[in-house]
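Thank you all for coming. I would like to take you slowly through one model today, and I will stop at a few places along the way.

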2 protein chains.
Amino acid sequence: MPRVMGERGDVVPLLAEVFRTYGFEGASLARITEGTRLGKGSIYNFFPGGKEEMAEAVLSEIDTWFRDQVFQPLRHAADAQQGVADMFTAVGRYFLSGRKVCLVGVFALGHERDRYAVKVQAYFAEWVQALAAALQRAGHDADGALALAEDVVGGIQGALVLARAADEPALFMRALARMQQRLVPPGTC
Amino acid sequence: MPRVMGERGDVVPLLAEVFRTYGFEGASLARITEGTRLGKGSIYNFFPGGKEEMAEAVLSEIDTWFRDQVFQPLRHAADAQQGVADMFTAVGRYFLSGRKVCLVGVFALGHERDRYAVKVQAYFAEWVQALAAALQRAGHDADGALALAEDVVGGIQGALVLARAADEPALFMRALARMQQRLVPPGTC
DNA sequence: GTCTATAAAGCGATAGAC
DNA sequence: GTCTATCGCTTTATAGAC
């Protein structure tokens, strides 16, 4: 059989884009078929569980990406300071310099939180924890590192809100730069 | 005719709650009638324009509340420092100490942003501007005040995301306290 | 694996009785 | 001003041809 086109994994990024654009309830099957260029039959062949399974797959892929590209580097970078800097670079790229929104954040604010509580909770908890560990290795005390990590992860989410509200992606990058500046001096004053 | 029950204005807060809980697309008329305890007939009597007009009314009420309770005090408080402190108090109360989400933030992240672009944009722009003005009156230079204002307004939105993701309202109040601490020393170091 | 056709339910909105 | 009944459309999901 000549596998004509993509596997299930190829569809997930397209699905993510649809969910990001319209939210879970707004992502109708009409919009999904349009965004994936796949018929309903194909979609349900890949995701027999329907929209719920699609969102689950999207969240899993996001989780994997952040674990590989952000959380693990934060935890295991030889130079903790550099690991934090790399996080800002990766995050700026991931959110397309402020033009892309965080789906987990969207789900967290909406009614979707209840259904995907575990994954939504784990995503932010792991991010804060990994960043706090890096900051501690860079010289901060435990309490200060945790507080700073919460500020930064929250600040990133808030900057995405503001950037999209103002339709001004540059606002996000400016906020990222300021947060990074706020972290670099561990013992300086 | 014995006016049995509420006027249009009494319905708006109930509508706001429904939109906050389910988002615009998720706020079906079934959920709206349940949340307002009004039949479809009554709803459409108050809001002939349907859901769109309902959301417009909700956004307008939010805008009015923040202008009266937050933006104007920030701009005209005799003591700018105290005006900023009052903002944190008002915001903490408004969002029920982190148990309530910001509808404008939800709309900003979602597809609703396009339809309500002007109001969403204006809400955050006015907030940042009013806070920056207060910070400048409190001793910050213009650029620093604007940057700090963006950090704080964004930080509030982000803290709401994190608090709801973790289902831990206290996280929001802790973030508020840290942001306030970051602002009070204008000339101290 | 991909499509079209279709079923059953829910949607926003309207009409008309009271 | 509030209700119930109903319209037409869209929704999710399934069935079956190819």
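Let me begin with a single side chain, that of Arg113(A), which reaches the backbone oxygen of Arg164(B) at 3.1 Å. Please keep in mind throughout that this is a predicted model, and that the distances I quote are computed from it.

Where does Arg113(A) lie in its chain? The residue is part of helix H7 of chain A, which covers residues 112-115. Is Arg113(A) buried or exposed? Its relative accessibility is 10%, and because the limit for calling a residue buried is under 20%, Arg113(A) counts as buried. If we set aside residues up to four places away in sequence, Arg113(A) touches Phe107(A), Ala108(A) and Val120(A) in chain A, and on the side of chain B it touches Arg164(B), Ala165(B), Ala166(B) and Asp167(B).

A second arginine can be described in a similar order. Arg178(A) is found in helix H10 of chain A, residues 170-183, and with a relative accessibility of 17% it, too, counts as buried. Which residues is Arg178(A) in contact with, leaving aside its neighbours within four places in sequence? They are Ala147(B), Glu150(B) and Asp151(B), and with the last of these, Asp151(B), the side chain of Arg178(A) makes a polar contact, side chain to side chain, at 2.9 Å.

Having looked at contacts between the chains, we can ask how the two copies are related. Chain B can be laid on chain A with an RMSD of 0.0 Å, by a turn of 180° and a shift of 0.0 Å along the axis. That is the relation of a two-fold axis. In chain B, the residue that comes closest to this rotation axis is Gly158(B), whose C-alpha is at 1.9 Å. Why do we say that the copies meet through the same surface? The reason is that 97% of the interface residues of chain B are also interface residues in chain A.

Now let us turn to the DNA, starting with strand C. There are 14 residues around DNA strand C, and the closest are Gly39(A), Gly41(A), Leu29(B), Lys40(B) and Tyr44(B). Of the strand C atoms within 4 Å of the protein, 68% belong to sugar or phosphate, and the rest belong to bases. A polar backbone atom of Gly39(A) is 2.6 Å from a phosphate oxygen of DNA strand C, while in chain B an N or O atom in the side chain of Lys51(B) is 3.2 Å from a phosphate oxygen of that strand. Helix H3 (40-46) of chain A and helix H3 (40-46) of chain B are the elements that give two or more residues to the surface near DNA strand C, and the largest share, 4 residues, comes from H3(A).

For DNA strand D, which residues come nearest among the 14 around it? They are Leu29(A), Lys40(A), Tyr44(A), Gly39(B) and Gly41(B). Sugar and phosphate account for 66% of the strand D atoms that come within 4 Å of the protein. A backbone N or O atom of Leu29(A) lies 2.6 Å from a phosphate oxygen of DNA strand D, and a backbone N or O atom of Gly39(B) lies 2.7 Å from a phosphate oxygen of this strand. Here the largest share of the nearby surface, 4 residues, comes from H3(B), and by class this surface has 6 nonpolar, 6 polar and 2 charged residues.

Terms used: Residues are numbered from 1 along each chain as its sequence is written. Chains are lettered from A and ligands numbered from 1 in the order in which they are written. This is a predicted model: local features need pLDDT of at least 70, side-chain atom pairs count only at pLDDT 80 or more; totals for chains, interfaces and linings use all residues. Side-chain values use heavy atoms; hydrogens and water are left out. Copies are superposed by least squares on the C-alpha atoms of residues with pLDDT of at least 70 in both. Contact means heavy atoms within 4.5 Å. Buried means under 20% relative accessible area, exposed over 50%, partly exposed in between (1.4 Å probe, protein chains only). A polar contact is a pair of N or O atoms within 3.5 Å; within protein, one must be able to donate a hydrogen and the other to accept it, and residues adjacent in sequence count only if both atoms are side-chain atoms. A residue is near a molecule or strand if one of its heavy atoms lies within 4 Å of it. Ala, Val, Leu, Ile, Met, Phe, Trp, Tyr, Cys and Pro count as nonpolar, Asp, Glu, Lys and Arg as charged, and the others, Gly among them, as polar.
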